[in-house]
Amino acid sequence: MSKAPPRNDKFNERRAELGEAALQTLADLGYARTSLREIAQNSAFSHGVLHYYFTDKLDLILCSVRQYKARCVTRYDEVTTTSTHFEQLLDGFVEALGETLRTETTMHRLWYDLRSQALFEEALRDDVEAIDKSLEKMIWRVMQRLSELAGAPVKVPSEVAYALLDGLFQQALLKHLSGDRKAIATMQAGVRLVLLQMVDAPAPPRARKAAPRRRLATAA
């Protein structure tokens, strides 16, 4: 039996590099069609190198997706922290949501593929649940900031807010992959509607009522 390679910092750094390099191939092929050999054929790394650093395709996929989702959970932090009024954050979040669906389509497809596989493969569940929870927290940060700017509470708990937005996003992803050119705009309109149902927008400032003009007394 071959001796397992040592798990030190350099080993983990190399795993991270390989996982990042293989990410696009994984996103293109999907879970079911992926093997270490298939990934090696579509990348600059040999099957032997990949097998040295990863026990199987599951190990590699989880390494890659963890890294990608670790970046994803900070995607809306800038618009959340820089927005100074409700509509600014609402517009910025909706725009960013559409942009990530448009530019990172295959990566999102890989994530939903992996999450579906976790229904069948117990080995995936802990990692998928952890990633899912981090995404829920990301959405909740946006919801809390909207609440602060609106001066109104969020009407639903964190898991409900995430489920609603995630459902709209996944539905739009499928339509976008099927060639629906209106999928992103439709999703953005739906997200805006749902957000306004979950957090009441602040009322517009009332126009200050002009004081009645005094009539000048006329000389008798």
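# Cavities and core of an all-helical chain

H8 gives the largest share of the lining of the second largest cavity: three residues. The model is predicted. This report takes the cavities in turn, then the fold, the core and four chosen residues.

## The second largest cavity

This cavity has a volume of about 30 Å³. Which residues line the second largest cavity? They are Leu23, Val65, Tyr68, Met107, Leu110 and Trp111. By class, the lining has six nonpolar residues, no polar ones and no charged ones. Tyr68 and Trp111 belong to that lining and count as nonpolar under the scheme used here. Two helices, H5 and H8, each bring at least two residues to the lining.

## The largest cavity

The structure holds two cavities of 30 Å³ or more. The volume of the largest is about 200 Å³. Its lining takes in 15 residues. Nearest the centre of the largest cavity lie Tyr112, Leu135, Met138, Asp166 and Phe169.

Which elements give two or more residues to this lining? They are helix H5 (57-72), helix H8 (105-117), helix H9 (122-150) and helix H10 (158-177). H10 gives the most, with four residues.

How does the lining of the largest cavity divide by class, and what are the counts of nonpolar, polar and charged residues? The lining has 11 nonpolar residues, one polar residue and three charged residues. Asp166, one of the residues nearest the centre, falls in the charged class. The second largest cavity, by contrast, has no charged residue in its lining.

H5 and H8 appear in the account of each cavity. They give two or more residues to the lining of the largest cavity. They also supply at least two residues each to the lining of the second largest.

## Fold and surface

The chain has 11 helices and zero strands. Along the sequence, the pattern reads α-α-α-α-α-α-α-α-α-α-α. The chain has 220 residues, and 41% of them are buried. It exposes about 13400 Å². Carbon and sulfur atoms supply 54% of that area.

Contacts span the sequence. Take those with a separation of 6 or more: residues 24 or more positions apart account for 73% of them.

## The nonpolar core

The largest nonpolar core has 64 residues. Which of its members touch the most others? Phe93, Met143, Leu195 and Met198 do. Helix H9 gives this core its largest share, 11 residues.

Met198 shows what such a position touches. Neighbours within four places in sequence aside, Met198 contacts Met143, Pro153, Val154, Lys155, Val156, Ala161, Leu164 and Leu165. Met143 is on this contact list, and Met143 is also among the core members with the most partners.

## Four residues, buried or partly exposed

Ser64 is found in helix H5. Is Ser64 buried or exposed? Ser64 has a relative accessible area of 1%, so it counts as buried; the cut-off is under 20%. Beyond four places in sequence, Ser64 touches Gly19, Leu23 and Leu26. Leu23 also lines the second largest cavity.

Val49 lies in helix H4. Its relative accessible area is 28%, so Val49 is partly exposed.

Asn42 sits in the loop between helix H3 (36-41) and helix H4 (47-53). Asn42 has 44% relative accessibility, so it counts as partly exposed. Residues up to four places away aside, Asn42 is in contact with Thr25 and Leu29.

His85 lies in a loop, between helix H6 (77-82) and helix H7 (86-103). His85 counts as partly exposed because its relative accessibility is 43%.

The table gives C-alpha distances for three of these residues.

| Pair | Apart in sequence | C-alpha to C-alpha |
|---|---|---|
| His85 and Glu148 | 63 residues | 9.3 Å |
| Asn42 and Leu26 | 16 residues | 9.5 Å |
| Val49 and Leu36 | 13 residues | 9.7 Å |

Leu26, the partner of Asn42 in the table, is also one of the residues that Ser64 touches.

How values were computed
Residues numbered from 1 in each chain as written. Predicted model: local features only at pLDDT ≥ 70, side-chain atom pairs only at ≥ 80, totals over all residues. Heavy atoms only, no water. 1 Å grid on protein atoms, 1.4 Å probe; cavity = no way out; pocket = protein on both sides within 12 Å on 5 of 7 lines; lining within 4 Å. Points joined across faces, edges and corners; volume = space filled by probe spheres on them. Buried < 20%, exposed > 50% of the residue type's maximum accessible area, 1.4 Å probe, protein only. Contact = heavy atoms within 4.5 Å. Areas by Shrake-Rupley, 256 points an atom, 1.4 Å probe, with all protein chains shown as cover. Core = buried A, V, L, I, M, F, W, Y, C linked by side-chain atoms within 4.5 Å.
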